[in-house]
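Colleague: Please take a close look at one part of this model, the open sheet of three strands and what lies across it. Which strands stand at its edges, and how do the neighbours pair?

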Amino acid sequence: METVKQQILSLLEQVTDPELPVLSVIDLGIVRDVIAGEKETEIIITPTYSGCPAMDVISMQIRMVLLEHGYKNVKISTCLSPAWTTDWMSEAGKQKLRAYGIAPPNPLHSVCDVQLFAEQEAVQCPHCQSYNTVLVSQFGSTACKALYKCRQCMEPFDYFKCH
Ligand SMILES: [Zn+2]
């Protein structure tokens, strides 16, 4: 028997990031908790990037999806601490990003150490899996991504920056 919370979580799989339509809010790992009360349903989310206008759109989509399924009193709270990191992205989410042609974020602890790896972060090309890639610009199609180019297959690609 599915609990209300599980039902809501599976509905949230339908809510995607407007900037990355392949990823749901579950894939992103931004849903912190679901509190299914008798009168009210509370969804607690942690914004990905504080500057991302996508969060307003995401909140609205969450309300709409839940309303369609009969959850009328939905409260969306944000939890800012601890801050979201790309480590919270699910493995399924990372696979979807790669399939979409975006290099998924590397685990923070292995290669995103600012001191050691700021200059040379090994980013894998999502097209040919080569690590022979070069940073073109810190800002890709959105502020959350950086633009890279693969020296192996010569294809440019976005890298979802560690955070
Ligand atoms: Zn490549």
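Modeller: Val34 has Ile43 in S4 as its bridge partner. That bridge belongs to the pairing of S3 with strand S4 (residues 41-45), which is antiparallel and runs over five bridges. Strands here are DSSP runs of E, at least two residues long, and helices are runs of H or I of at least four residues, both numbered from the N terminus; two strands pair if DSSP finds at least two bridges between them.

This is a predicted model, in which local features need pLDDT of at least 70 and side-chain atom pairs count only at pLDDT 80 or more, while totals for chains, interfaces and linings use all residues. Residues are numbered from 1 along each chain as its sequence is written, and side-chain values use heavy atoms, with hydrogens and water left out.

The order across the open sheet is S3-S4-S5, with mixed pairing. Strand S3 (31-36) and strand S5 (74-78) are the edge strands, each paired on one side only. From one strand to the next, the twist averages 15°. Angles run from 0 to 180 degrees between N-to-C directions, and axes are lines fitted to C-alpha atoms, for helices over the stretch in contact, where contact means heavy atoms within 4.5 Å.

Helix H1 (residues 4-12) lies across S3 and S4, and runs at about 135° to S3. Thus S3 is an edge strand, pairs with S4, and has H1 lying across it.
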